[in-house]
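Biologist: I'm new to this one. Could you put it on the screen and let me quiz you about how you justify your labels?

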Amino acid sequence: MTNPMSSAEIRQKFLDYFQSRQHTIVASSSLIPGNDPTLLFTNAGMVQFKDAFLGLEKRAYKRAATSQKCMRVAGKHNDLENVGPSPRHHTFFEMLGNFSLGDYFKQDACRFAQGLLVEGYGLDPDRLYYTVHTSDDEAFNIWTDEIGIDPRRVYRMGDKTNFWQMADVGPCGPTSEIHYDWGEEACSCGQPDCSVLLDNDCDRWLEIWNLVFMQFNQDEAGNRAPLPAPGIDTGMGLERIVSIIQNKRANYETDLFTPIIERTRQLLGHTAAQAQQHQTAYRVIADHGRAVTFMVGDGVMPGNEGREYVLRLILRRAARYGRMAGFTEPFLATIAETVIEEMGQHYTELVARRQFILNVIRQEEDRFLRTFGHGLNLLRELVDSLKAKGKTQISGEDVFKLHATYGFPFHLTRDIAAEEYGFTIDQTGFQKAMAQHSKISGTGSFKKIDESTLSIYAHLLDDLKAAGTEPQYNPYRSTGRRTTVAAILQDHQPVEAAGEGLKIEVVLADTPFYVEAGGQVSDTGFIKSDGWEMRVTGAAKPVTGLIVHTGQIVRGTARPGDAVAAEVDADRRLNIMRNHTATHLLHAHLRRVLGKHVAQAGSLVAPDRLRFDFSHPDPVTPEQLQDIEAGINHDILAAYPVSSSEQNYKDAVSGGAMALFGEKYGDVVRVIDIAGGRVSKELCGGTHLSNIGQIGFFFFTSEGSVAAGVRRVEAVTGPTALRLLQTRLGVLNRAAATLGVKSLEVDDRLNALLGQLHQQEKEIKTLKRKLARVGFEHHLQNVVQVRGVNVLAAQVSVDNMDLLREMGDWFRDKLGSGVIVLGAVFNDKPGLIAVVTDDLVKRGLHAGKLVKSVAKLVGGGGGGRPTMAQAGGKNAQQLPEAVAGVAKFVDEALK
């Protein structure tokens, strides 16, 4: 018997099969959807083609095939709770898909699917069953009459299973599903008429391929009209087809997961039997290990909101299950290494970002484990307390405390409470606590776009296209342009006129205004006509292909069709270009000084500054910053040329251009090249200088951390950098004048003065200690006897707690046996120390309890060991009274 195909071979056969049928193989898009802000993650293959299906984007091809990275952890596609116990539920998975953008339709979609499954993969055709929509006679006839499937294996089903909609309004259509029959022995429902038709999640039937026939356009009233160019969107889970071909009922037994599971077993030193005992934990680690590797690889960072929260949740859930399986040290970065080794050949970005991925995972797991034990102890104490009260639910406030203080995501606390204690949690109370926190801190939840507003923009664009006035966008040609007004909107609604003072949106037939993207802010400026003028404060692209200019009419009345001059603020644009081109130099020199693991993780390019986030595990030292800054300014002085060109994406990347993760790229990309590629070569859609000498100067203004494994630097260039330089030189010159030295001698003079100051501080400290010694001898005369115990209570003149503690030691050594309580005032606040010798601890005296009682009299508190304790307070005026009461407290303690 020949070995079954590997998962890599199965994936490649899918792509080769469709490539041989005139499909363009399109690389997987990022897990961060670049064209749909309503999604946390890319959750299907068609997401990257959404705008093409909607007619908002033109592709260079009409047939495509992909192997798409997907995550389903939110909304209706949330499989998280089932991951581990279930043999085939996952957070991260790969979706194989073929797509027709107005080319072929049902006949070819069905024929292609059947051909690949039976002829390509060698599946037994008698094990394949099919569903079509109840009303879809065309699909039924294709399967039965044209392909020759027995009609008894083709089921008609309703909207629940066999109708697809992108949203309430827009493209929709019937679907056809292909199911695999594992055989009667796999039946878990026990129904005598067990079949796909029952739709009861029986283990016998495995849905492997879903063919979506985008056939209609649905309006607001629910009416469906045929699309002028129907499309095909199909999806087949790689994990499922691999399980069939490799004859494994559980996905985790396929070679997509076994290398990860085996690595986990080796790290734990488990036998096969021990691994089986911890099956759920092994599965969670394997699934979540893949998920966090790919998420971090696509630029998701751990955090408390949106997709960042999902990453943190999944990573910490895996860490918790790792502890349950036997791990005592961080291990997830090692698991990620295995994921990269196994999947990096196809998803090459994993290899390119390997060090960054490992650093982020390692630091996040370390951070969690530092507080994990304390959080578990608190949860255990909560449960014990609630049990004593006869309760079985943890309050939302306590769940939030675990989340905010110990990094326990809500879902993790819920799982531990249920699995280890049989408790529930107050989800509503938790959400209220989160909402209150968000209100106080100014944070909020993941922002969603108003679909109805987007629909207005989409309809407007369709109308403009139909009229032959599709807007043109080219911010690279010039900062001024003669053009016409294509449309005017007020409150997102098209209007026929807009007068002075109104805030509006204007669509131009052709615009030079840059729209915010890739970290670069939008242009501002003016739109002027003979009779009116608008101040443009920003520009946006609500849907692909439509640019709206936001601002206010400052004079006259604007109307669609008016001839206008669009004028970008050229000085502001120039400063933005200085900062943007500088970020490319910065990226290059960060990689030169810190290492090739550095990758851009975010940026802001504004007219007055630039901000650059990048992957690096440690703070950047002052020496490294100086080296980077010097290198950038050296390049600026060399005045290297900057060129731009449009290239095919694959050609650009293979030619050495750097692609940034988290960015969405089309088939044709813009390449920014500095010094012929010797200094920098990146894919970038922003506006840039023609020569880096125009940057003028580059100076860092700050460096810090923004997330685990991510650093942030801010810098200035051009006029802002010049002003900064002048300000710093002014401060230096004034300091030199004050010190009476030359500017270059300021640091030497300051070091000398600081040395003198340090020496004087040492002398003052010595004198204070001597004075305290004199006071010590004086206070020895105030020792009293309380029930045969030496007691000394006094207020002394010292200015720090360290010296107060030292005086306590002096008295203890002198008395041999006794109780000492000393008080002093530091910065207008009282401080106390209490000392009890060992022999008196045996008689029931306790320094911590004693100082706590005394501190109450000065409005404070404290505590410590039986022999030494300290406290602080608020009311210094009450210190004499508190000290005077020490003998009474000792007397009560000795009774």
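Modeller: Start with Trp209, which touches Phe14, Phe18, Asn98, Ala113, Leu116, Leu117, Ser176, Glu177, Ile178, Thr234, Gly235 and Met236, leaving out residues up to four places away in sequence. This is a predicted model, where local features need pLDDT of at least 70 and side-chain atom pairs count only at pLDDT 80 or more, while totals for chains, interfaces and linings use all residues. Residues are numbered from 1 along each chain as its sequence is written, and side-chain values use heavy atoms, with hydrogens and water left out.

Biologist: What makes something a touch for Trp209?

Modeller: A contact means heavy atoms within 4.5 Å, and the residues I listed for Trp209 are its contacts.

Biologist: Which residues touch the most other members of the largest nonpolar core?

Modeller: Tyr121, Trp209 and Ile241, out of 122 residues. A nonpolar core is a set of buried Ala, Val, Leu, Ile, Met, Phe, Trp, Tyr and Cys residues joined through side-chain atoms within 4.5 Å. Helix 13 (residues 354–388) gives the largest share, 14 residues. Another core, of 28 residues, lies apart from it and includes Met577 and Val713.

Biologist: Why is Ala675 called buried or exposed?

Modeller: Buried means under 20% relative accessible area, exposed over 50%, and partly exposed in between (1.4 Å probe, protein chains only). Ala675 has 3%, so it counts as buried. Ala675 also has a positive phi of about 60 degrees, though it isn't a glycine, and sits in the loop between strand 26 (668–674) and strand 27 (680–683).

Biologist: And what about Arg787?

Modeller: Arg787 has a relative accessible area of 46%, so it is partly exposed. Its phi is positive too, about 50 degrees, and it is not a glycine either.

Biologist: How do you know how many disulfides there are?

Modeller: A disulfide is a pair of cysteine sulfur atoms within 2.5 Å, and searching the whole structure turns up 0. Take Cys187: the closest cysteine sulfur, in Cys189, is 3.7 Å away, so that is too far for a bond.

Biologist: What makes strand 23 and strand 24 a pair?

Modeller: Two strands pair if DSSP finds at least two bridges between them. Here 5 bridges join strand 23 to strand 24 (residues 610–615), running antiparallel. Strands (E, at least two residues) and helices (H or I, at least four) are DSSP runs, numbered from the N terminus.

Biologist: Why is strand 23 called an edge strand?

Modeller: The open sheet has 4 strands in the order 23-24-29-28. Strand 23 (600–605) and strand 28 (698–707) each pair on one side only, and those are the edges.
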